[in-house]
Amino acid sequence: MRPSQTVSGYLIQRLRRHGVRHVFGVPGDYVLTFFRELEQSRLRVINTCDEQGAGFAADAYARLNGLGAVCITYCVGGLKVANAAAQAYAEKSPVVFISGAPGRNERVKNPLLHHKVRDFDTQMQIFRQLTVASTLLDDPQEACREIDRVLDEALRRKRPVYIELPRDMVGVPAVPRRVRSPAAEPGEADVLREALEEAVEMINAARNPVIVAGVEIHRFGLQDQLLRLIEKTSFPVATTLLGKSLVGESHPNYLGVYWGGMGRPEVRKRVESSDCLILLGAFLTDINLGIFTARLDPGRTLYATSEKVSIRHHSYEGICMEEFLEGLNRSGIRRRARPRIASPARPGRTRPEPGKRVSVRYLFRRLNTFLEENMVVIADPGDALFAAAEMRIRRETEFVSPAYYASLGFAVPASLGVQCANRRLRPLVLVGDGAFQMSGMELSTIARYGLDPSVVVLNNRGYGTERPRLDGPFNDVLEWRYSRIPEVLGAGRGFDVRTEEDLEAALLAARKHTRGFSILDVHLEQDDISDALERLTTSLRKRV
Ligand SMILES: Cc1ncc(C[n+]2csc(CCOP(=O)(O)OP(=O)(O)O)c2C)c(N)n1
Ligand SMILES: [Mg+2]
């Protein structure tokens, strides 16, 4: 039998068809034969040190590639990767989670098979909560249809899905019966027309419209449409933190990241004083809203997401965001004069001063000038993210961070996913020491596959983000010798960075070192934090 005529072969073929070229995971006996099928297919298996690493790598891969895939074993693997599925759900990243499972024949009389928790469907029930579609491939007649159904849902709703593959189904003959994809449903024409009329009227009557673009614009592939709208209208545009870099940050109309009181005051003023705020594809999360310091008046807001369009205080249901954006582009919106936007480039020295210790401010100023066109900034939650929010990303979508769900330990494995998705990109990984200790061992996987991210560890000996709010020994971590990790792995280059001159030398050497990863151990004072974290802390203190 040709491999594509089996259930597993069909699944592999459909993943390939949807542009997946790598599958991240860790094998186990319930999924071993499927791993063999993967290995023999045109998909490349990237086996990570830990399942969570596979989940984060696939999430980052999906953000760049449009779809990602993870393959793990039953419960011990599946439940470890559940947190990554949760993040992919919360931040709209279409990842396919494939788990091996006990065979259909093994389930008879409910035996106590290893890895089983309570019932055979415990893992399935959990993943139902974390995905937009899930399936157990236990029926050869239905398997292909089910595979198509869940993959279509992942692509349509840009969220994760779950496929459970009993081990005795791997080689079972498939019965391909392609159902037509429920392509993006067109919204209702009358509702769309009415919403557009009202929107255009509101926009044209306004003195200073401003666009705030969010992550859905990226996930639904609407960046070109957004750019057309900006070119057409010449409105100034900001992004949310989660949507950072979806507009090239050197675009003349780009204001900066808007996140209430956490961001730069000029951006905040411009956005909050607008008499017509056009929010496109933005999640109004607490972090995006600068921990609720944002002051957005719904009476002056037009808000479009993939789910609905609201204009001032009322909503239009059943309109698809793509059609709405297309409609705005075709409409008679009045063009404005090009906005005058002060350069956000923070004044400050980036030339090293001999003997001077590196501070967070200096580090980020220098990293900002270090960025090149092919670099992707990947920031872990913690001060790495807060400080990176004000970096100037040159191209589109070259900033990757879980800025809403905020699970620590994302950045190192994400760099694996990013480089598999696009080998021409070079990740600059910004990660706190606490986060690094959670998943930094994926540098081992990065070394195995010969990838070359530069990893900057912000070494402040613990959970710096938490200290200003409430400190105690629970915020301390052991200080590792991060720059010596290459000795353990037998790969990569390590740099110990204490002074500005050390930083300069390390960055230049890391840039040149393309035969493996580089890791910079940047020693910071324990109480040294970014301006954004300072503002965040002040605001949180008021709330807690
Ligand atoms: C998986 C996970 N566990 C715990 C937290 C809560 N948390 C948020 S920031 C933080 C401290 C992070 O420390 P580090 O990575 O060293 O960065 P720093 O705050 O020092 O910049 C913690 C524990 C989280 N966001 N994610
Ligand atoms: Mg730290």
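## Ligand 1

Ligand 1 is surrounded by 14 residues. The closest include Asp 433, Gly 434, Ala 435, Gly 464 and Thr 465. The model is predicted, and every distance below should be read with that in mind.

Backbone atoms supply three polar partners for this ligand. A polar backbone atom of Gly 434 sits 2.7 Å from an oxygen atom of ligand 1. Gly 462 places a polar backbone atom 2.9 Å from an oxygen atom of the ligand. On the nitrogen side, a nitrogen atom of ligand 1 lies 2.9 Å from a polar backbone atom of Ala 406. Taken alone, ligand 1 exposes 580 Å², and the protein buries 77% of that.

## The magnesium site

Ligand 2 is a magnesium ion. Its protein donors are Asp 433 (OD), Asn 460 (OD1) and Gly 462 (O), lying 2.1 Å from the ion. Along the chain the donors follow the spacing D-x26-N-x1-G.

Asp 433 and Gly 462 come from distant parts of the chain, 29 residues apart. Asp 433 belongs to helix H15 (residues 433-439). Gly 462 is in the loop between strand S17 (454-459) and helix H17 (485-489). Both residues are buried. Two of the donors also appear around ligand 1: Asp 433 is among its closest residues, and Gly 462 offers the backbone atom 2.9 Å from a ligand oxygen.

## The nonpolar cores

The largest nonpolar core has 83 residues. Phe 324, Phe 364, Met 391, Leu 430 and Leu 520 touch the most other members. Helix H7 (residues 189-205) gives the most to this core, with 7 residues. A second, separate core holds 49 residues, including Val 376, Ala 421, Leu 443 and Ile 446.

Phe 364 shows how parts of the chain meet. Beyond four places in sequence, Phe 364 touches Ala 384, Ala 387, Ala 388, Met 391, Leu 430 and Leu 458. Two of these partners, Met 391 and Leu 430, are themselves listed with Phe 364 among the residues that touch the most other core members.

## Ala 384 and helix H13

Ala 384 is found in helix H13 (residues 383-388). Is Ala 384 buried or exposed? Ala 384 counts as buried because its relative accessibility is 2%, and the cut-off is under 20%. Outside its local stretch of sequence, Ala 384 touches Phe 364, Ala 379, Leu 430, Val 431, Gly 432 and Leu 458. Lys 116 makes a contrast: the C-alpha atoms of Ala 384 and Lys 116 are 39 Å apart, with their positions 268 residues apart in sequence.

Glu 390 follows in the loop between H13 and strand S15 (399-400). Glu 390 is buried too, at 18% relative accessibility. Its side chain makes a polar contact of 3.3 Å with the side chain of Arg 264.

## Asp 528

Asp 528 is placed in the loop between strand S19 (518-523) and helix H19 (531-543). Its relative accessible area is 18%, so Asp 528 is buried.

Which residues does Asp 528 contact beyond four places in sequence? They are Val 358, Ser 359, Val 360 and Asp 383. Ser 359 is 169 residues away along the chain, yet the two C-alpha atoms are separated by 6.9 Å. The side chain of Asp 528 also reaches the backbone nitrogen of Val 360, at 2.8 Å.

## Helix H4

Helix H4 (residues 82-90) is mostly covered, with 7 of its 9 residues buried. The buried set is Ala 82, Ala 84, Ala 85, Ala 86, Gln 87, Ala 88 and Ala 90. These residues pack against helix H3 (51-65), strand S4 (95-101) and helix H5 (122-130).

## Positive phi angles

Just after H4, Lys 92 takes a positive phi of about 55°. Lys 158 also has a positive phi of about 55°, although it is not a glycine. Lys 158 is in the loop between helix H6 (143-157) and strand S6 (161-166). Lys 158 counts as buried, at 15% relative accessibility.

Ser 245 is another non-glycine residue with a positive phi, near 85°. Its place is in the loop between strand S8 (237-239) and strand S9 (254-257). With a relative accessible area of 1%, Ser 245 is buried.

Methods:
Residues are numbered from 1 along each chain as its sequence is written. Chains are lettered from A and ligands numbered from 1 in the order in which they are written. This is a predicted model: local features need pLDDT of at least 70, side-chain atom pairs count only at pLDDT 80 or more; totals for chains, interfaces and linings use all residues. Side-chain values use heavy atoms; hydrogens and water are left out. Helices (H or I, at least four residues) and strands (E, at least two) are DSSP runs, numbered from the N terminus. Buried means under 20% relative accessible area, exposed over 50%, partly exposed in between (1.4 Å probe, protein chains only). Contact means heavy atoms within 4.5 Å. A nonpolar core is a set of buried Ala, Val, Leu, Ile, Met, Phe, Trp, Tyr and Cys residues joined through side-chain atoms within 4.5 Å. Donors are N, O and S atoms within 2.8 Å of the metal (3.2 Å for Na, K and Ca); water is not among the atoms, so sites may look incomplete. A residue is near a molecule or strand if one of its heavy atoms lies within 4 Å of it. A polar contact is a pair of N or O atoms within 3.5 Å; within protein, one must be able to donate a hydrogen and the other to accept it, and residues adjacent in sequence count only if both atoms are side-chain atoms. Accessible areas come from the Shrake-Rupley method with a 1.4 Å probe; for residues, only the protein chains shown count as cover.
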